[in-house]
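Reader: I am new to reading protein models, and I would like to go through this one slowly. Could you take my questions in turn and show how each answer is reached?

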Amino acid sequence: MNPIARISLIVAYAVLALAALGRSSYQISTKLSEAPVPYLVSGVSALLYAVIAVALWRRWAGVALVGTALELAGVLIVGTLGYVESSWWPDETVWTGYGSAYGWVPLALPAIALALLLRERRVRRHDAAVAPAAPSPESAA
């Protein structure tokens, strides 16, 4: 993956992790009884963002891939349920309205990250398939 793209993703996920952590910590500690599902979803999203940021930093491509897929699924599910059954969401989460409170970054970011991670995976597989095999000791003699 392009180093600038990788660092940009790490920074974006770290910022979202901090923002979601701050928001959910306040909501969970002060008014959890008012809207437990949305506030806990925000807490889970903060944790997921942190895991993805660390995975990208440590180059754990598999963890980053699974994390971003879960994130995109969460954004789509929570975003859709917020419109279909708004009574379940008495307050917003990071993913409500497909992340509209965060400028739709929670919707765009996993799509971009997945595209980059899948591209990198394809490139690595292609490179491994076309790389010449190392000569064996028998053939060198």
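Reader: Is Tyr-98 buried, partly exposed or exposed?

Author: This is a predicted model, and the reasoning rests on the relative accessible area computed from it. Buried means under 20% and exposed means over 50%, with partly exposed in between. The relative accessible area of Tyr-98 is 21%, so Tyr-98 is partly exposed.

Reader: Which residue forms an aromatic pair with Tyr-98, and is that partner buried or exposed?

Author: The ring of Tyr-98 pairs with the ring of Tyr-83 in a tilted arrangement, with 5.7 Å from centre to centre and 35 degrees between the planes. The two come from distant parts of the chain, 15 residues apart, since Tyr-98 belongs to the loop between H3 and H4 and Tyr-83 to helix H3. The partner has a relative accessibility of 58% and counts as exposed, and its name is Tyr-83.

Reader: How many aromatic pairs are there, and which helices does the pair of Tyr-13 and Tyr-49 tie together?

Author: The count comes to two aromatic pairs. In the pair of Tyr-13 and Tyr-49, which is tilted, the centres are 6.0 Å apart and the planes make an angle of 45 degrees. Tyr-13 is buried at a relative accessible area of 0%, and Tyr-49 is buried at 0% too. Because Tyr-13 lies in helix H1 and Tyr-49 in helix H2, the pair ties together parts that are 36 residues apart in sequence, and the helices asked for are H1 and H2.

Reader: At what angle do helix H1 and helix H4 pack?

Author: Two packed helices are described by the angle between their axes and by the distance between those axes. For helix H1, residues 3–31, and helix H4, residues 105–130, the axes are 11 Å apart. H1 passes H4 in a left-handed crossing, and the packing angle is about 145 degrees.

Reader: What kind of residues make the contact of H1 with H4: nonpolar, polar or charged?

Author: On the side of H1 the contact is made by Ala-5, Leu-9, Ala-12, Tyr-13 and Leu-16, while H4 brings Val-105, Leu-109, Pro-110, Ala-113 and Leu-116. Sorting these residues gives no polar and no charged ones, but ten that are nonpolar.

Reader: How many salt bridges does the whole structure hold, and which residue meets Arg-23 in one?

Author: A search of the whole structure finds two salt bridges. In one of them Arg-23 of helix H1 meets a residue in the loop between helix H3 and H4, so the pair ties together parts that are 69 residues apart in sequence. That residue is partly exposed, with a relative accessible area of 33%, and the N to O distance of the bridge is 3.6 Å. The partner of Arg-23 is Glu-92.

Reader: How far apart are the closest N and O atoms of Arg-124 and Glu-120?

Author: Arg-124 and Glu-120 are four residues apart in helix H4, which means that about one helical turn separates them. Arg-124 is exposed, at a relative accessible area of 55%, whereas Glu-120 is buried at 14%. The two form a salt bridge in which the closest N and O atoms are 2.8 Å apart.

Reader: How far apart in space are Ile-112 and Ala-5?

Author: Ile-112 has its place in helix H4, and at 45% relative accessibility this residue counts as partly exposed. In sequence Ile-112 and Ala-5 are 107 residues apart, yet in space the distance from C-alpha to C-alpha is 9.8 Å.

Terms used:
Residues are numbered from 1 along each chain as its sequence is written. This is a predicted model: local features need pLDDT of at least 70, side-chain atom pairs count only at pLDDT 80 or more; totals for chains, interfaces and linings use all residues. Side-chain values use heavy atoms; hydrogens and water are left out. Axes are lines fitted to C-alpha atoms, for helices over the stretch in contact, and angles run from 0 to 180 degrees between N-to-C directions. A crossing is left-handed if the near helix is turned anticlockwise from the far one by less than a right angle, and right-handed if clockwise. Contact means heavy atoms within 4.5 Å. Ala, Val, Leu, Ile, Met, Phe, Trp, Tyr, Cys and Pro count as nonpolar, Asp, Glu, Lys and Arg as charged, and the others, Gly among them, as polar. A salt bridge is a side-chain nitrogen of Lys or Arg within 4 Å of a carboxyl oxygen of Asp or Glu. Buried means under 20% relative accessible area, exposed over 50%, partly exposed in between (1.4 Å probe, protein chains only). Rings of Phe, Tyr and Trp (its six-membered ring) pair if their centres lie within 6.5 Å; planes under 30 degrees apart count as stacked, over 60 as edge-to-face and the rest as tilted.
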